[in-house]
Amino acid sequence: MKMNKKIAFVGAGSMAEAIISGIVKSGILKKEQILVTNKSNRERLENIKNKYDVQCILDKETVITEADIVILATKPYDLKESVESIKEFIQPGQLIFSVIAGISTDYITTLFGGNNPVVRAMPNTSATIGYSATAISAGKYAHEVHLNQAEELFETIGTTVIVNEDDMHTVTGISGSGPAYIYYLVEAMEKAATEAGFDKEIAMELITQTVRGAGQMLKETGESAAVLRKKITSPQGTTEAGIETLNKYDFEKIVMKCVKSASNRSEELGKSE
């Protein structure tokens, strides 16, 4: 499947690169249909160009006027300045996607000062390999056709769900930041293995496949995490001993607080609008 659209990325950070990488690998767009610009970092644009063979241009007017869809992928604190640098080139009806954590579609609409449709998306960096979990919500001027276009694009880098925008802070805490929590767990498991004298490379091979397998079990069996956990937790067995230690240190509460902290930070970013 191909999209007959040109897409402009405003911002060339890690999230923009993850999405670009996933789109290029999917083949849904030709490389010349992808344009990238940023505030002033020529070196970063050159790096993206060399890596993905997409169009990287500092001239904002060229990038914006050629695009059908503009994707805002800046840091939250750079958004206002970035919009100021491109708003005069935005065309009536031009579709705007935002992948900026914490920032509402209403605020983006206000910054542009028009009634362009804005769709907010929260992917994660697993987009790089086509395994992002992306939540999508519509701004007040966005309609079903715009959500469909967002789904079409973001499904090339993983799975998508449509949510109410009020839920986006929770989405940020769960799937937006979620990969980092998994990586942190893997770091701890790797450290435990190596401190026990186990080979690091073998440990990583086992841990990586374990994480991958657990994810596939959740996806394919349709059983809840609680049910799957109980199935491998035999009374007085090794898994039970491990789980008891996690319970002793309030692992469940720690993870819940972790998600809540990320969600709260997303809300704080929104309040700084």
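Q: Where does Gln94 sit, and what makes the neighbouring elements a helix and a strand?
A: Gln94 lies in the loop that links helix H4 (79–86) to strand S5 (95–98). Helices and strands are DSSP runs numbered from the N terminus, with H or I over at least four residues for a helix and E over at least two for a strand. This is a predicted model, in which local features need pLDDT of at least 70 and side-chain atom pairs count only at pLDDT 80 or more, while totals for chains, interfaces and linings use all residues. Residues are numbered from 1 along each chain as its sequence is written, and side-chain values use heavy atoms, leaving out hydrogens and water.

Q: Why is Gln94 called buried?
A: Its relative accessible area is 5%. Buried means under 20%, exposed over 50%, and partly exposed in between, with a 1.4 Å probe and protein chains only, so Gln94 with its 5% counts as buried.

Q: Which residues touch Gln94 when its neighbours within four places in sequence are left aside?
A: They are Ile64, Ala67, Asp68, Val70, Phe89, Asn116 and Pro117. Contact here means heavy atoms within 4.5 Å.

Q: What makes the link from Gln94 to Gln91 a polar contact?
A: The side chain of Gln94 reaches the backbone nitrogen of Gln91 at 2.9 Å. A polar contact is a pair of N or O atoms within 3.5 Å; within protein, one must be able to donate a hydrogen and the other to accept it, and residues adjacent in sequence count only if both atoms are side-chain atoms. The 2.9 Å distance is therefore within the limit.

Q: How do you know that Val99 is buried, and what does it touch?
A: Val99, in the loop between S5 and H5, is buried because its relative accessible area is 7%. Beyond its neighbours within four places in sequence, its contacts are Met15, Ile19, Ile71, Leu72, Ala73, Ala121, Met122, Pro123 and Phe154. Val99 and Arg120 are 21 residues apart in sequence, yet 6.2 Å apart in space from C-alpha to C-alpha.

Q: What makes helix H5 (residues 105–112) mostly covered?
A: Six of its eight residues are buried, namely Thr105, Tyr107, Ile108, Thr109, Leu111 and Phe112. Their cover includes S4, H4, S5 and S6. After H5 comes Gly113, with a positive phi near 70 degrees.

Q: What makes a set of residues a nonpolar core, and which members of the largest one touch the most others?
A: A nonpolar core is a set of buried Ala, Val, Leu, Ile, Met, Phe, Trp, Tyr and Cys residues joined through side-chain atoms within 4.5 Å. The largest has 35 residues, and Phe9, Ile23, Val36, Phe97 and Phe154 touch the most other members. Its largest share, six residues, comes from H1. Apart from it lies another core of 21 residues, among them Leu35, Val63, Val83 and Ile90.

Q: Why is Ile182 called partly exposed?
A: Ile182, in helix H8 (residues 178–195), has 39% relative accessibility, so it counts as partly exposed.

Q: What makes a patch, and which residues form the nonpolar one of about 260 Å²?
A: Ile182, Tyr183 and Val211 form it. Patches take residues with over 30% relative accessible area and no salt bridge (a side-chain nitrogen of Lys or Arg within 4 Å of a carboxyl oxygen of Asp or Glu). Like charges are joined within 9 Å, and nonpolar side chains (Val, Leu, Ile, Met, Phe, Trp, Tyr) within 5 Å. Accessible areas come from the Shrake-Rupley method with a 1.4 Å probe; for residues, only the protein chains shown count as cover.
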